[in-house]
Amino acid sequence: MAHARVFHMKLGEILIQQKSITQDQLELALWVQKRWGGLLGRILCSRGALSEPDLVAALSGQLGIPSVDLGSRCMPTCVCHLVPQDLCVAHLLLPFGRDPDSGVLQVAMADPRDPAGLAALRGCF
């Protein structure tokens with residue numbers, strides 16, 4: 001599902017479509033979200049209704065951005081120095097490589113929709 005075209009779908013719909021949660025689990029999580037706030041995916045994970053890998057796959061498909069498993073990568077030190085550490089910590093991002101064809105810096109972000117993080121990252125170059 002990570003690369004499926006689901007940009008127009010809500011996260012809950014995607015999770016039901018990929019059979020990661022049930023309609024009842026979604027309705028309960030939406031009630032919790034409405035009552036106390038929070039992100040739907042985090043609510044579902046914290047309640048044990050959804051695994052993190054399933055959430056990542058759904059968000060990746062929804063946003064059209066591939067996910068990356070940083071635990072299985074060897075990070076070249078040369079790319080780690082391209083982005084200031086304080087920026088990485090403040091915006092929860094980590095440079096992890098360069099595209100072999102274009103040379104474009106590859107960066108993992110906890111929230112790739114974070115406009116302040118994206119602007120700060122662009123400001124480095």
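Reader: Let's start with Trp 36: which helix does Trp 36 lie in, and is Trp 36 buried or exposed?
Author: Keep in mind that we're looking at a predicted model here. Trp 36 lies in helix α2. Residues count as exposed when their relative accessible area is over 50%. Trp 36 has 59% relative accessibility, so the label is exposed.

Reader: How far apart are the C-alpha atoms of Trp 36 and His 91?
Author: Along the chain, Trp 36 and His 91 are 55 residues apart. In space, their C-alpha atoms are separated by 25 Å.

Reader: Which residues make the nonpolar surface patch of about 380 Å²?
Author: Trp 36 is one of them, and Leu 28 is another. Leu 28 is found in helix α2, which covers residues 23–36. A patch residue needs over 30% relative accessible area, and Leu 28 is partly exposed at 39%. The full list for this patch is Leu 28, Trp 31 and Trp 36.

Reader: Okay, zooming out: what pattern does the chain follow along the sequence?
Author: The secondary structure comes to seven helices and two strands. The C-alpha trace spans about 50 × 30 × 25 Å along its principal axes. Read along the sequence, the pattern is α-α-α-α-α-α-β-β-α.

Reader: And how much of the chain counts as buried?
Author: To count as buried, a residue has to have under 20% relative accessible area. The chain has 125 residues, and the share that counts as buried is 30%.

Reader: In which sense do strands β1 and β2 pair?
Author: Strand β1 takes in residues 93–98, and strand β2 takes in residues 105–109. There are five bridges between them. For instance, the bridge partner of Leu 94 is Ala 108 in β2, while Arg 98 stands opposite Leu 105. The pairing of β1 and β2 is antiparallel.

Reader: Which residue in the turn of that hairpin has a positive phi?
Author: β1 and β2 form a hairpin with six residues between them. One residue in the turn has a positive phi of about 80°. That residue is Gly 103.

Reader: What about residues other than glycine: what is the phi of Lys 19?
Author: Most residues other than glycine have a negative phi. Lys 19 lies in the loop between α1 (11–17) and α2, and Lys 19 is exposed, with a relative accessible area of 73%. Its phi is positive, near 60°.

Reader: Where is Leu 92, and what is the phi of Leu 92?
Author: Leu 92 is found in the loop between α6 (85–91) and β1. Leu 92 is exposed because its relative accessible area is 57%, and the cut-off is over 50%. Here too phi is positive in a residue other than glycine, with a value near 50°.

Reader: How many salt bridges does a search of the whole structure find, and what is the gap between the closest N and O atoms of Asp 111 and Arg 113?
Author: The search finds one salt bridge. Asp 111 forms it with Arg 113. Asp 111 is partly exposed, at 32% relative accessible area. The closest N and O atoms are 3.2 Å apart.

Reader: Now the largest pocket: which element gives the most to its lining?
Author: About 1100 Å³ of space lies in the largest pocket. The elements that give two or more residues to its lining are α3 (40–46), α4 (52–63), β1 and β2. One of these gives seven residues, the most of any: α4.

Reader: Which residues lie nearest the centre of the largest pocket?
Author: The lining has 34 residues. Asp 111, the salt-bridge partner of Arg 113, is among those nearest the centre. The nearest ones are Leu 59, Met 109, Ala 110, Asp 111 and Pro 112.

Reader: Last one: how far apart are the C-alpha atoms of Arg 73 and Ala 57?
Author: Arg 73 sits in the loop between α4 and α5 (77–80). Arg 73 is partly exposed, with a relative accessible area of 41%. Arg 73 and Ala 57 are 16 residues apart along the chain, and the separation of their C-alpha atoms is 18 Å.

Methods: Residues are numbered from 1 along each chain as its sequence is written. This is a predicted model: local features need pLDDT of at least 70, side-chain atom pairs count only at pLDDT 80 or more; totals for chains, interfaces and linings use all residues. Side-chain values use heavy atoms; hydrogens and water are left out. Two strands pair if DSSP finds at least two bridges between them. Helices (H or I, at least four residues) and strands (E, at least two) are DSSP runs, numbered from the N terminus. Patches are made of residues with over 30% relative accessible area and no salt bridge: like charges are joined within 9 Å, nonpolar side chains (Val, Leu, Ile, Met, Phe, Trp, Tyr) within 5 Å. Accessible areas come from the Shrake-Rupley method with a 1.4 Å probe; for residues, only the protein chains shown count as cover. A salt bridge is a side-chain nitrogen of Lys or Arg within 4 Å of a carboxyl oxygen of Asp or Glu. Buried means under 20% relative accessible area, exposed over 50%, partly exposed in between (1.4 Å probe, protein chains only). On a 1 Å grid over the protein atoms alone, a cavity is a set of points where a 1.4 Å probe fits but cannot get out, and a pocket is an open set with protein on both sides within 12 Å along at least five of seven lines; lining residues have an atom within 4 Å of a point. Grid points are joined across faces, edges and corners, and a volume is the space filled by probe spheres set on the points.
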